[in-house]
Amino acid sequence: MTSHDVDYRILGSDIQVLEIELDPNETVIAEAGAMVYMEEGIAFETKMGDGSEPDKGLMSKLFSAGTRLITGESLFLTHFTHRGGYGKSRVAFSAPYPGTIIPINLGDTPAGLIVQKDGFLAAARGTKISLHFNQKLGAGLFGGEGFILQKLTGDGKAFVHAGGTIVEKKLNNELLRVDTGCVVAFEPSLDFSVARAGGLKSMIFGGEGLLLATLRGTGRVWIQSMPVKKLIQALAPGGGNTQKESGSVLGGLLSNIMDE
């Protein structure tokens with residue numbers, strides 16, 4: 001199914017709003033509860049499934065919807081359609097936490113896009129949302145994104161959100177190491193795994209964790225500066241400073257001992 005060709009604009013800087021402009025009979029799908037406002041002529045339905053395969057049977061729809069529960073997302077997606085007779089009408093969405101919204105043209109990624117399980121915000125109707133299992137158990141258990149990810153395929157626009165600032169990196173048969181949990185999305189042409197973060201002293205006292213996510217190959221990867229887990233830790237009373245202070249003081253003392 002060819003995806004609907006929707007227009008959009010992204011408003012704001014720190015806590016952004018995605019505004020989608022629909023022509024009559026155009027539809028955008030979004031996570032349940034993401035809608036901020038909608039203009040006259042917009043109608044919405046909560047459905048099981050993304051609508052990319054309208055002719056499939058009830059059992060197939062139930063299976064597709066059930067797979068979303070595995071990723072921790074809502075069983076349902078909301079479909080917003082411009083039912084007005086003429087002109088354009090708009091519907092807007094926001095992410096559940098502060099960060100950045102990025103538009104991605106799935107037509108430029110024929111093999112699809114692998115997205116962290118809570119990264120999907122909205123997409124043009126015709127986009128297929130499915131499960132992607134990380135085949136490497138180590139990456140699934142320790143890579144920050146989990147063993148189960150989402151895969152977006154289609155030829156229209158999809159919108160992904162993440163915490164803080166998003167940096168897009170293009171790898172050309174290269175290797176990139178990333179803090180675990182900071183990988184928002186990547187193309188399937190890249191190999192995603194985890195690797196030990198340096199030597200024993202660096203792993204224990206370096207403050208970067210025991211493992212780093214490693215991406216190899218040729219393709220694009222999107223990286224977030226502030227994953228929601230880090231944001232929660234930073235906002236917790238004494239959360240960020242306590243870890244830094246104990247790491248710097250204790251780490252410095254034991255580091256000197258280990259060097260002797």
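This text walks through a predicted model, from its confidence to its sheet, its cores and a few single residues.

Start with confidence. The protein chain averages a pLDDT of 77. Of the residues, 67% score at least 70. Two stretches call for care. Over residues 137-146 the pLDDT is below 50, yet this stretch has 27 contacts in the model beyond near neighbours in sequence. Residues 242-260 also have a pLDDT below 50. Beyond near neighbours in sequence, eight contacts are found for residues 242-260 in the model. Where pLDDT is low, predicted coordinates should not be read in detail.

Now the sheet. Six strands form an open sheet, and its order is β5-β6-β3-β10-β13-β8. The pairing is antiparallel. At the edges stand β5 (42-47) and β8 (100-105), and each of these pairs on one side only. From one strand to the next, the twist averages 20°.

Look inside that order at β3 and β10. Strand β3 covers residues 27-31 and strand β10 covers residues 120-124. Three bridges join β3 to β10, and the two run antiparallel. One position to find is Val-28, which stands opposite Ala-124 in β10.

Further pairings involve β15. Two bridges join β9 to β15, and these strands run antiparallel. Here Val-115 stands opposite Ala-185 in β15. Strand β15 is also joined to strand β17 (residues 211-224), by three bridges and again antiparallel. The bridge partner of Phe-186 in β17 is Val-221.

Next, the nonpolar interior. The largest nonpolar core has 18 residues. Which of them touch the most other members? They are Ile-104, Leu-113, Phe-120, Leu-152, Val-160 and Trp-222. Several strands feed this core: β8, β9 (113-115), β10, β13 (157-162) and β15 (183-186) each supply at least two residues. Strand β13 gives the most, with three residues.

Val-160 shows what surrounds one member of this core. Leaving aside neighbours within four places in sequence, Val-160 is in contact with Thr-100, Ile-101, Ile-102 and Ile-104, among others. The list also includes Val-115, Gly-119, Leu-152 and Val-184.

A second core, separate from the one around β13, holds 16 residues. Its members include Val-6, Val-28, Ala-34 and Ala-124. Val-28 and Ala-124 are the pair that stand opposite each other across β3 and β10.

His-4 also reaches this region. It lies in the segment before β1 (7-11). Is His-4 buried or exposed? His-4 counts as buried because its relative accessible area is 19%, and the cut-off for buried is under 20%. Beyond its neighbours within four places in sequence, His-4 is in contact with Asn-25, Glu-26, Thr-27, Ala-124 and Arg-125.

One of those contacts, Asn-25, deserves a look at its backbone. Asn-25 sits in the loop between β2 (17-22) and β3. Although it is not a glycine, Asn-25 has a positive phi of about 75°. Its relative accessibility is 54%, so Asn-25 counts as exposed.

Asn-173 also has a positive phi, of about 55°, and is not a glycine either. Its setting is strand β14 (residues 166-179). Asn-173 is exposed, with a relative accessible area of 68%.

Key:
Residues are numbered from 1 along each chain as its sequence is written. This is a predicted model: local features need pLDDT of at least 70, side-chain atom pairs count only at pLDDT 80 or more; totals for chains, interfaces and linings use all residues. Side-chain values use heavy atoms; hydrogens and water are left out. Two strands pair if DSSP finds at least two bridges between them. Helices (H or I, at least four residues) and strands (E, at least two) are DSSP runs, numbered from the N terminus. Axes are lines fitted to C-alpha atoms, for helices over the stretch in contact, and angles run from 0 to 180 degrees between N-to-C directions. Buried means under 20% relative accessible area, exposed over 50%, partly exposed in between (1.4 Å probe, protein chains only). Contact means heavy atoms within 4.5 Å. A nonpolar core is a set of buried Ala, Val, Leu, Ile, Met, Phe, Trp, Tyr and Cys residues joined through side-chain atoms within 4.5 Å. pLDDT is the predictor's confidence in each residue, from 0 to 100.
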